[in-house]
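Trainee: Could you take me slowly through one part of this protein model, and show me how that part sits within the rest of the chain? I would like a careful reading that I can follow with the structure open beside me.

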Amino acid sequence: MPSLVRLANEEDYEAWSQGESSKRTLQPRQQRDAVDRIVGQWKEVRPDVDVSPINVIGRVSRLSRLLDRRLGENFARYGIESWMYDVLATLRRSDAPYELTAGDLVRQTMVTTGAITNRIDRLEQRGLVERTSADDRRKVIVRLTKQGLDLVDEVVAAHMGTEREILAALSPRQQRDLANLLRTTLLGLGDHDI
């Protein structure tokens, strides 16, 4: 079965995805990436080991690093880091008045209590969030300030533009299929919605 990233064009992808590959000859791209080289090297030195998982895991790993770098460049234009955007965007998605308990932030950002406390402290120092107490004084409410709301609203548009640029090499159908395959993999690893 051909790799999704190696199908020559949209028509070949469509034929393959609809099970019509026997009716057409798929032409793989001639370009090779670093993972192809690594797989080839392993096949040379350890032909007895099935290294096929590297085709996916290696690419996901490399993609993660490249994505972090590219998204980080965009965030830096606004003077923030990815973790800052993560907290600000999580609060923004909660809708007006753009607040969550610290515990909800921990669950939705998937970091430890200590890490979220540190992040809230740093965002508060920059005037992007504020803490308030709930009726139950043991609960801390974290809320976007006007400055934080304005910033995240500005960044989100550019962030989505950057993500669209990153995915531009894939057709809408390929993007949907890749999203479904990645979701299946994540669920298989236990990454369920909270």
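Mentor: What follows is a close look at the loop between α4 and β1, with its surroundings described before and after it.

Please keep in mind from the start that this is a predicted model, and that every value below is computed from it. The chain has 194 residues, of which 28% count as buried, and its secondary structure consists of eight helices and three strands. Read from the N terminus on, these elements follow the order α-α-α-α-β-α-α-β-β-α-α, and this order is a useful map for finding the loop. Among the contacts between residues at least 6 apart in sequence, 48% join residues that are at least 24 apart. The chain exposes about 13000 Å² in total, and carbon and sulfur atoms supply 53% of that area.

Now to the loop itself, which we can walk through residue by residue. D95 lies in the loop between α4 and β1, and its phi is near 70 degrees, a positive value in a residue other than glycine. With a relative accessibility of 48%, D95 counts as partly exposed, because the class called exposed begins only over 50%. A96 is found in this loop as well, and A96 is exposed because its relative accessible area is 55%, which lies over the 50% cut-off. A96 also gives us a link to a distant part of the sequence, since A96 and L144 are 48 residues apart along the chain while their C-alpha atoms are 9.4 Å apart in space.

The next feature is the peptide bond that joins A96 and P97, which is cis, with an omega of about 10 degrees. P97 too has its place in the loop between α4 and β1. Y98 lies in that loop, and Y98 has a positive phi of about 55 degrees although it is not a glycine. Y98 counts as buried because its relative accessibility is 17%, and buried means under 20%. As general background for these backbone angles, most residues other than glycine have a negative phi, and most peptide bonds are trans. You may therefore set the positive phi values and the cis bond of this loop against that background as you look at the backbone.

After the loop comes strand β1, residues 99-101, which runs antiparallel to strand β3, residues 140-144, and is joined to β3 by three bridges. Within this pairing, L100 has V142 in β3 as its bridge partner. Strand β3 also pairs with strand β2, residues 129-133, again in the antiparallel sense, over five bridges, and here S133 stands opposite V140 in β3. In a regular strand the side chains alternate between the two faces of the sheet.

Farther along the chain, D104 lies in helix α5, residues 102-109. D104 counts as partly exposed because its relative accessibility is 24%, a value between the 20% and 50% cut-offs. D104 and T90 are 14 residues apart in sequence, and 9.7 Å lie between their C-alpha atoms.

On the other side of the loop, helix α4 takes part in the second largest pocket, which has a volume of about 220 Å³. The residues that line this pocket include F75, S82, Y85, D86, A89, R92 and R93, together with V152, D153, V156, H159 and M160. The elements that give two or more residues to this lining are α4 (82-93) and α7 (146-166), and the largest share, six residues, comes from α4. By kind, the lining divides into six nonpolar, two polar and four charged residues.

Two further residues complete the surroundings. R77 lies in the loop between α3 (53-76) and α4, and R77 counts as exposed because its relative accessibility is 58%. R77 and V155 are 78 residues apart in sequence and 9.2 Å apart in space, from C-alpha to C-alpha. T162, by contrast, lies in helix α7 and is buried because its relative accessible area is 6%. Leaving aside its neighbours within four places in sequence, T162 is in contact with R70, L71 and N74.

Key:
Residues numbered from 1 in each chain as written. Predicted model: local features only at pLDDT ≥ 70, side-chain atom pairs only at ≥ 80, totals over all residues. Heavy atoms only, no water. Helix = DSSP H or I, 4+ residues; strand = E, 2+ residues; numbered from the N terminus. Buried < 20%, exposed > 50% of the residue type's maximum accessible area, 1.4 Å probe, protein only. Contact = heavy atoms within 4.5 Å. Areas by Shrake-Rupley, 256 points an atom, 1.4 Å probe, with all protein chains shown as cover. Pairing = 2+ DSSP bridges. 1 Å grid on protein atoms, 1.4 Å probe; cavity = no way out; pocket = protein on both sides within 12 Å on 5 of 7 lines; lining within 4 Å. Points joined across faces, edges and corners; volume = space filled by probe spheres on them. Nonpolar A, V, L, I, M, F, W, Y, C, P; charged D, E, K, R; others polar.
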